[in-house]
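Colleague: I would love to walk through this model with you. Could you start with the terms we need?

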Amino acid sequence: MIRNVVIGGGTGFIGSALSTLLRREGYGVTVVSRVPGPQRISWADLGKNGLPPETTAVVNLAGQNVLDPTRRWTKGFKQNVWASRVNSTSSLAEAIIEAKAKPKVFITISGVGIYKPCASKEYTEDYEGKPFDFLSNLCHDWEAAGNLPIDVGVRRVILRSGVVLGRNGGMVKQLWLPFYFGMGGPVGDGNQFLPWIHIDDITRLILFAIENESVKGVLNGVSPEIITNKQFTKALARAMWRPASIPVPVFLLNLAFSEERAKMMTEGQKVIPKRTQAYGFKYCYPDVQTACQSLVRNAK
Ligand SMILES: NC(=O)c1ccc[n+]([C@@H]2O[C@H](COP(=O)([O-])OP(=O)(O)OC[C@H]3O[C@@H](n4cnc5c(N)ncnc54)[C@H](OP(=O)(O)O)[C@@H]3O)[C@@H](O)[C@H]2O)c1
């Protein structure tokens, strides 16, 4: 049976891990990218020629890195952050609507930033909140951009991902050197929640959503273990056999990233993967200590 998956942003941290997993499982992969390369098409090609023939699933993981420390949080950069997610998602949705032979499923990623940081509230996928800041507004627009008319007949899945823990990208890649040199520590008092998921689990969750026809709607892409920033810091430091007692002052992050963006590190939400678990998804790394140990093991 032919099984081809199109991945927008498939060159990135999550996308390249997903491509590797899918190829290992016998899938063909076509990446939609701004940069030419083998088994890649451009966004312009997608608009002109539509989806490659015999596409069985479409996944969007494209998006300008919000926490790029080299970029100032200007109006122009925020526009890039927004457009790279919303426009790529709507381009893929458009291609699905236009396709004569439809894929079975359209999966897009979004973030837990859709939930308002709060010390007491627990958020499951059932929560229907309104946008309250730039990032939550972005999540709403990003998710809506992938909505397909019912008569298109394509299953739709949205993964609201927590911080993805992996050696090759995201937060851990940025923290590795400071932690390695014993300069790691919690952000502020470290009491803010840190919704997280291991890279192997987010890619396996995408595969699970591709292969299980009953899976649809929003899934929280987070581990079932609720932790704080301080607990994560301890787990990573312990796995690396390093101390981690130098806190990162909140005012420094606000200065470096601007307060609106630094909130992704200085505040957090308690997110429960209720629907993800109800569908029977089994995590390889349900606890943060094992997850951090695997990152250190794989780094050698
Ligand atoms: N990593 C996390 O912890 C995490 C958590 C929650 C949600 N997410 C979301 O998941 C998605 C993938 O995350 P990631 O960590 O894999 O990101 P990443 O490594 O930064 O990769 C994202 C990909 O998006 C494409 N891209 C970047 N800027 C773009 C732009 N201006 N216009 C169009 N495409 C652009 C790039 O592909 P090309 O250069 O090939 O075009 C890049 O490889 C992102 O949307 C992110 O917001 C990530």
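Modeller: Happy to! Contact means heavy atoms within 4.5 Å, and buried means under 20% relative accessible area (1.4 Å probe, protein chains only). Helices (H or I, at least four residues) and strands (E, at least two) are DSSP runs, numbered from the N terminus. This is a predicted model, where local features need pLDDT of at least 70, side-chain atom pairs count only at pLDDT 80 or more, and totals for chains, interfaces and linings use all residues. Residues are numbered from 1 along each chain as its sequence is written, and side-chain values use heavy atoms, leaving out hydrogens and water.

Colleague: Which elements do the buried residues of α4 pack against?

Modeller: The buried residues of α4 include F134, L138 and W142. Their packing partners are α3 (75–98), β5 (105–111), β7 (155–161) and α9 (259–266).

Colleague: How many Å apart are the end C-alpha atoms of α4?

Modeller: The expected span of a helix is 1.5 Å times one less than its number of residues. Helix α4 has 12 residues (134–145), so 16 Å should be its span. The model agrees, with the end C-alpha atoms apart by 16 Å.

Colleague: What is the distance from a ligand oxygen atom to an N or O atom in the side chain of T11?

Modeller: A polar contact with the ligand is a pair of N or O atoms within 3.5 Å. For the backbone, a ligand oxygen lies 3.1 Å from a polar atom of G12, and one lies 2.8 Å from a polar atom of I14. For the T11 side chain, the distance is 2.6 Å.

Terms used:
Buried < 20%, exposed > 50% of the residue type's maximum accessible area, 1.4 Å probe, protein only. Polar contact = N/O pair within 3.5 Å; in protein donor to acceptor, adjacent residues only side chain to side chain.
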